[in-house]
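Reader: Hi! Could you walk me through this one? I'd like to start with a term you'll be using.

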Amino acid sequence: MKKSRIFSGARPTGRQHIGNYLGALQNWVKLQDEYDCIYCIVDIHALTSLEDTGNLQKNIREMILDWLAVGLDPKKSILFVQSHVPEVMELHTLLSMITPLSWLLRVPTFKDKIKLQPENVNYGLVGYPVLMTSDIVLYKATVVPVGEDQLPHLELAREITRRFNGLFGYTFPEPNGKLTNYPLIIGLDGKDKMSKQAGNDIELAMTEEETIKKIKTAYTDPARRYRSDPGHPDKCNVYKLMGYFESTGGNGIAEKCRKAEIGCVDCKMILAEVINKALRPIRQRRDELATDPRYIDEVLADGADRARVIARKTLTEVKKNMRLI
Ligand code: TRP
């Protein structure tokens, strides 16, 4: 039986952190065996919020290094950079003609962006979900693994698809969002979602020493002020982070914390070791891959070639159905 096709994408934010890993990448790796997967670094999407593109190429390379290191496999999946298959921009223009502006102005992420970058509310930003729809339907993907924040975009993708099929005849299957069953990963500050911008992240590519140093800055149980105070592991983000990498059920740390037999500094050192141990093979592989920049070029060129074959076929069909040819 033919496997269903998955498409997912991420903006080129550079080095990935453990929030990206636990929330998306780990899941993407698993899906490779069950589905026909296409994973894309969406550089054009990044331009909607980027005025300085000086680091764009560097960020793309850092990101693909991390993707490969965690186990995304160019033999199993198509890995490519969005702009290397320019057909997506053509489809974006065509789909923009059938997308009511009112649908786009309602999108919550658009409203957020207006507040976040009032000095740069560009035309491309309004069309962000149309470009995302183009990504997905150009490859006729039916399953789209995303975080919760992306669900409104997927709803819109389905509406655009339906409208296109209604106007020009059945062309695209309707895509469905697939929620990653991982909870929100809170950063080392213990309050905000882990992100590079917030500076509360642990990068996959950090050295073991850097990891230890960064984890030393982590916030623990806010109610525990002195070493002798009993702690509350259920309210401690360091304890929580540990649980993502190792089963904490049997290690007795929670008990010792509650009885003040173990201090927060001890706990942070344990977390650092747990994370370093889990990331050791990934980091080793990343270091190996980084020694051969030509390999990265080859992976991306091959990914774009394979994606483009599918893209061209869909675009011809779209143009025929729209009577452009
Ligand atoms: N908008 C997504 C994000 O910010 C990235 C993205 C672009 C995407 N195109 C996509 C995700 C297509 C899934 C499918 O995370």
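Author: Happy to. Partly exposed means a relative accessible area between the buried class, under 20%, and the exposed class, over 50%. Arg258, at 41%, is therefore partly exposed. Keep in mind that this is a predicted model.

Reader: Thanks. Which residue forms a salt bridge with Arg258?

Author: That is Glu255, with the closest N and O atoms 3.3 Å apart. The two are three residues apart in helix H12, so about one helical turn separates them. Glu255 is partly exposed too, with a relative accessible area of 40%.

Reader: And which residues do salt bridges with shared partners join into one network?

Author: Arg15, Glu62, Asp66, Lys196, Glu203 and Arg286. Within that group, the side chains of Lys196 and Glu203 meet at 3.9 Å, N to O. Lys196 is partly exposed at 37%, while Glu203 is buried at 17%.

Reader: How many salt bridges does the structure hold?

Author: It holds 22. Another one pairs Glu246 with Lys277 at 3.7 Å, N to O. Glu246 sits in the loop between helices H11 and H12 and Lys277 in helix H13, so this pair ties together parts that are 31 residues apart in sequence.

Reader: Nice. Switching to the ligand: how many residues surround it, and which are the closest?

Author: There are 13 around the ligand, and the closest are Arg11, Tyr128, Met132, Asp135 and Gln150. The side chain of Arg11 has an N or O atom 2.9 Å from a ligand oxygen. On the nitrogen side, a ligand nitrogen is 2.7 Å from an N or O atom in the side chain of Asp135, and a ligand nitrogen is 2.9 Å from one in the side chain of Gln150.

Reader: How much of the ligand's accessible area does the protein cover?

Author: The protein covers 92% of the 370 Å² that the ligand has on its own.

Reader: Which element gives the most to the shell?

Author: Helix H8, with four residues. Strands S1 and S4 are also among the elements giving two or more. By class, the shell has seven nonpolar, four polar and two charged residues.

Reader: Last topic, cysteines. Why is Cys37 not bonded to Cys40?

Author: Their sulfurs are 13 Å apart, which is too far for a bond, and Cys40 has the closest cysteine sulfur to that of Cys37. Cys37 is buried, at 0% relative accessible area. The structure holds zero disulfides.

Reader: What about Cys267, buried or exposed?

Author: Buried, at 8%. The nearest cysteine sulfur to that of Cys267 belongs to Cys257, 6.0 Å away.

How values were computed
Residues are numbered from 1 along each chain as its sequence is written. This is a predicted model: local features need pLDDT of at least 70, side-chain atom pairs count only at pLDDT 80 or more; totals for chains, interfaces and linings use all residues. Side-chain values use heavy atoms; hydrogens and water are left out. A residue is near a molecule or strand if one of its heavy atoms lies within 4 Å of it. A polar contact is a pair of N or O atoms within 3.5 Å; within protein, one must be able to donate a hydrogen and the other to accept it, and residues adjacent in sequence count only if both atoms are side-chain atoms. Accessible areas come from the Shrake-Rupley method with a 1.4 Å probe; for residues, only the protein chains shown count as cover. Ala, Val, Leu, Ile, Met, Phe, Trp, Tyr, Cys and Pro count as nonpolar, Asp, Glu, Lys and Arg as charged, and the others, Gly among them, as polar. A disulfide is a pair of cysteine sulfur atoms within 2.5 Å. Buried means under 20% relative accessible area, exposed over 50%, partly exposed in between (1.4 Å probe, protein chains only). A salt bridge is a side-chain nitrogen of Lys or Arg within 4 Å of a carboxyl oxygen of Asp or Glu.
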